[in-house]
Amino acid sequence: MDKSVTILGIETSCDETSAAVMRDNVVLSNIVSSQYVHEQYGGVVPELASRAHQKLMIPVVREALQRSEVPQNEITAVAAAYGPGLMGSLLVGVNFGKTFAFGLGVPFIGVNHMEAHIYSNFIDEPRPNFPFLCLTVSGGHTQLVLVQDDFDYEIVGETRDDAAGEAFDKVAKMLGLGYPGGPRIDKLAKQGNPKAIDFPRSFLNEDRFGFSFSGIKTSVLYYLRDHHFQIAGKSSHDGIPLVPINEALMADICASFQASIVDVLVGKTIDAAKHFGVKDIAVAGGVSANSALRAGMTNAAMKENFRLFIPQIKYCTDNGAMIAEVGFRKFLRGSFSPFNVSAVANADLPVRSNEGRTL
Ligand code: KG4
Ligand code: ZN
């Protein structure tokens, strides 16, 4: 009898519709369809996201199955992200996942999205050793998580306002760069001088491992206002023409803003890793695709003798493979979800839970 474990992983928490097939911890396919419908609005419109997921879900799953060359009857379990995320979007993936699992007669496994980001570091070898510290930086979250063991987490630091990715997206919008902002700032910053403008670094002395990114966003806004530069593409204010930002200055603003975010992320992560005495550091979430963060973390980890883990770019931003990775591990523990599990109330990382240890 074939003893291999084959998981279909589904991710629909925000604006990426994704499905992946994983067999015994090897990714056979990982299809990600990004929704460009949001571009014209400068950000994700939840209702449009749900509708796009609805349209893309079946074609994306079909393609993931075709590419993997796995016939449907060889799927051992279906895993889907069940929070945190946009409710309407999550419901599409969760309901498709449950229905598909039910139809195939296999278990359904609900997966926490933040947990999946952490486990994106386990898709490829080498993998971090426990305990390790994970900096999870996405569009909705910025967390420093002490991962003591499989499915055993402690959040040691979080943002008190904007998430790092949110700051990238809001500043990009302000600069008239459109959505998604993070990758656009990253690209433009490559041509700029990170020391050109001295944007503040908020280290929050009273909250050693906490973050705050709303101040930096305001600093960029004040910088643009003080210099009468165009904000959010507007070319005049109260009838007074605003100065367009030329290419070289745009690159400098992007590089300087990015450096202020990266310095804080790297500084706090290294500080926490020393404080908690771990040897391994991992980075995850959409912002871990950022080239300056990857370079900054690599240099700092090397200097301070930590082993560093950052997923391949395709596993940093939302993807089905990371959902399948957690699904695989939960399957091995017999940790399945009932078919009436909801997409509500899974917003928090299951901190120090026994999830995955039951049965
Ligand atoms: O994890 P993710 O794909 O979705 C959420 O769970 O939120 O993260 C998306 C976030 C967005 O804010 C996006 O701007 C940011 O990740 N991001 C980046 C880069 N690629 C994606 N931020 C900075 N540099 C990048 N290269
Ligand atoms: Zn995410």
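Here is a short dialogue on reading the sheet and the pockets of a predicted model.

Colleague: Start with the sheet. In what order do the five strands lie, and how do they pair?

Modeller: The sheet is open, and its order is β3-β2-β1-β4-β5. The pairing is mixed.

Colleague: Which strands stand at the edges, and what follows for them?

Modeller: Those are β3 (26–34) and β5 (108–111). Each has a single partner strand, so one side of each lacks a neighbour in the sheet.

Colleague: By how many degrees are neighbouring strands turned against each other?

Modeller: The average is 15°, with direction ignored.

Colleague: Take one pair, β2 and β3. In which sense do they pair, parallel or antiparallel?

Modeller: Antiparallel, over eight bridges. Strand β2 covers residues 16–23. For a landmark, find R23: V26 in β3 stands opposite.

Colleague: Now the helices. Which strands does α1 touch?

Modeller: Helix α1 (residues 46–68) packs on the sheet and touches β1 (6–11), β2 and β3. The direction of α1 makes about 25° with that of β2.

Colleague: And which strands does α2 touch?

Modeller: Helix α2 (residues 87–104) also packs on the sheet. Its contacts are with β1, β4 (77–81) and β5. Against β4, the direction of α2 makes about 170°.

Colleague: On to pockets. How is empty space found?

Modeller: A probe the size of a water molecule is rolled over the atoms, and this shows where empty space is left. In this model the largest pocket holds about 1100 Å³ of space.

Colleague: Which residues lie nearest the centre of the largest pocket?

Modeller: D15, E16, G139, D169 and Y179, out of 39 lining residues.

Colleague: Which elements give two or more residues to that lining?

Modeller: They are α3 (113–119), α4 (164–174) and α5 (181–189). Helix α4 gives the largest share, six residues.

Colleague: Which domains does the lining of the largest pocket draw on?

Modeller: At least three residues come from each of domain 1 (6–118 + 316–333) and domain 2 (129–310).

Colleague: How does that lining divide by class?

Modeller: Twelve residues are nonpolar, 18 polar and nine charged.

Colleague: What about the second largest pocket: how many residues line it, and which lie nearest its centre?

Modeller: It is lined by 14 residues, with P194, A255, Q258, A259 and A292 nearest the centre. The space there is about 280 Å³. Helices α7 (247–276) and α8 (291–303) each supply at least two lining residues. The largest share, five residues, is from α7. By class, this lining has six nonpolar, four polar and four charged residues.

Terms used:
Residues numbered from 1 in each chain as written. Chains lettered and ligands numbered in written order. Predicted model: local features only at pLDDT ≥ 70, side-chain atom pairs only at ≥ 80, totals over all residues. Heavy atoms only, no water. Pairing = 2+ DSSP bridges. Helix = DSSP H or I, 4+ residues; strand = E, 2+ residues; numbered from the N terminus. Axes fitted to C-alpha atoms, helices over the stretch in contact; angles between N-to-C directions. Contact = heavy atoms within 4.5 Å. 1 Å grid on protein atoms, 1.4 Å probe; cavity = no way out; pocket = protein on both sides within 12 Å on 5 of 7 lines; lining within 4 Å. Points joined across faces, edges and corners; volume = space filled by probe spheres on them. Nonpolar A, V, L, I, M, F, W, Y, C, P; charged D, E, K, R; others polar. Domains from an automatic or database assignment.
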